Amino acid sequence: MQHDYDLLIVGGGLAGNCLALALKDSGLNIAIIEANTRERQYDSPAGDRALALAAGTVKMLEALNIWQGVSQLATAIKDIHISDQGHFGKVRLSAQKENVDALGYVITARDIETHVAQLVDAAAIEQLCPARLTGLMAGNDAVNVSLKRGDEALSVSAKLLVGADGGHSSVRNLLEIPQHISDYGQTALVTTVKSSLLHKNVAFERFTASGPLALLPVDDDQCAIVWTRGSEDAEALMFGSEADFLAELQHCFGYRLGALSLVAPRRAFPLSLIRAEKMIAHRTVAIGNAVHQLHPVAGQGFNLGLRDVVQLAEMIIKQHQADRDIGDADFLSAYAKVRQKDHDRTIGFTNSVVRIFSNDWLPVAAARNIGLTLLDHIPAAKTLLTRHAMGLAGRLPRLGNRR
Ligand SMILES: Cc1cc2nc3c(=O)[nH]c(=O)nc-3n(C[C@H](O)[C@H](O)[C@H](O)COP(=O)(O)OP(=O)(O)OC[C@H]3O[C@@H](n4cnc5c(N)ncnc54)[C@H](O)[C@@H]3O)c2cc1C
């Protein structure tokens, strides 16, 4: 049967574009369908959010020849300082103690998204853009897709469709894949501050009764803020005066970086966990936020999404080289089986952090502080936690282990 493409990727965000780059030399005929123009993608205020990338993620981005073009825009995390406001427990993780250059890196989402999009352009990967997926039907031999590009309606077919279209995935909705949505009733406030004392490449994660607060190093004297607050609180902080915002920030964080001043606009991201009940359907697979949109408290979203990308790319290349159908149901089931454990573990870990650290009930607060203190004094446990923070615990797709 003739197909227009071997592979159609819906969504040209980080997950979709990284997958296209991972497969660019595979010999497969690939197209990306992206709803937004490049300009709209670049100008989106959401691009201001900082991403903490685990060392394991950076290894995979290097293997995909992506990291080399943005490494100069990223800031290394040499230490991670975890503390609980008003309690004694704290943990400090250190790259030096673990004998590595960095525990991870911080980069603005816009910087890495722009670079990845430019690499896709340079690789001459076909893009149907701006075009929106409006319908999809999977038959025995092909998946048939309807698109709207301006006033024009298009239909295209492929052997395999990948849904990389984010938390509100149309692919997931059109296939009626059941999803679990938990509204946390929280909002992440994102901005950048300048500090009067240098951060020395330390990332701070501070748990407070009103929500977790991360200060991530982005420049010698600047930190990206990711601050989770209850939705009403967040609205007041978002639209109140800068002075009120800074006073509350300083109250929650303290003065370990001296005085803080705002150097970027405030952005708000309402938070919910969205998890698809399954990641595959007939000739279709969902990756990245389309299958798991997480709370940012543990900075795991894209780190997890890239592991989907790399695993899927490796398996597709093997399947294609063996002259087998890349949309085959058993093949897709094998992919889902490999990825399930990582999804369960990462989502479970993120939810535990949200639950344990959003709870100021005395026994829970005491237990977590004892836990933090013990962790700080047990080198083996600290190494394990550090490997988790670096994204190196558990099984990494082979691509991530090449270097
Ligand atoms: C405040 C905040 C902080 C975060 N911090 C971290 C962090 O520190 N570390 C980390 O790893 N992750 C972090 N994340 C998560 C990370 O940003 C996401 O996991 C990642 O960007 C998701 O990429 P994606 O490509 O899966 O989805 P998206 O970026 O949502 O991309 C989806 C794409 O699909 C397109 N699309 C949607 N619908 C259609 C359609 N019908 N037709 C065609 N195209 C369509 C969209 O235009 C978009 O370009 C954070 C998130 C937030 C909100």
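In the predicted model, a polar backbone atom of leucine 14 lies 3.2 Å from an oxygen atom of the ligand, a polar contact being a pair of N or O atoms within 3.5 Å, where a pair within protein also needs one atom able to donate a hydrogen and the other able to accept it, and residues adjacent in sequence count only if both atoms are side-chain atoms. A nitrogen atom of the ligand is 3.2 Å from a backbone N or O atom of leucine 133, and an oxygen atom of the ligand is 3.0 Å from a backbone N or O atom of asparagine 303. The ligand taken alone exposes 1,000 Å², of which the protein buries 86% (accessible areas come from the Shrake-Rupley method with a 1.4 Å probe; for residues, only the protein chains shown count as cover).

Two or more residues of the shell around the ligand come from each of α1 (14–22), β3 (50–54), β9 (132–138) and α8 (301–321), helices (H or I, at least four residues) and strands (E, at least two) being DSSP runs numbered from the N terminus. The ligand is surrounded by 32 residues, of which Glu34, Ala52, Ser170, Asn289 and Phe302 come nearest; a residue is near a molecule or strand if one of its heavy atoms lies within 4 Å of it. The shell consists of 15 nonpolar, 13 polar and four charged residues, where Ala, Val, Leu, Ile, Met, Phe, Trp, Tyr, Cys and Pro count as nonpolar, Asp, Glu, Lys and Arg as charged, and the others, Gly among them, as polar.

The axes of α1 and α8 are 9 Å apart and make an angle of about 30°, with axes fitted as lines to C-alpha atoms, for helices over the stretch in contact, and angles running from 0 to 180 degrees between N-to-C directions. The two helices, α1 and α8, are therefore roughly parallel to each other (angles under 35 degrees count as roughly parallel, over 145 as roughly antiparallel, 65 to 115 as roughly perpendicular and the rest as oblique). Helix α3 (residues 55–63) and α8 have axes that come within 10 Å and cross at roughly 40°, which makes α3 oblique to α8.

In the loop between β8 (126–128) and β9 lies proline 130, which is joined to cysteine 129 by a cis peptide bond with omega about 0°.

Residues are numbered from 1 along each chain as its sequence is written, and side-chain values use heavy atoms, with hydrogens and water left out. Because the model is predicted, local features need pLDDT of at least 70 and side-chain atom pairs count only at pLDDT 80 or more, whereas totals for chains, interfaces and linings use all residues.
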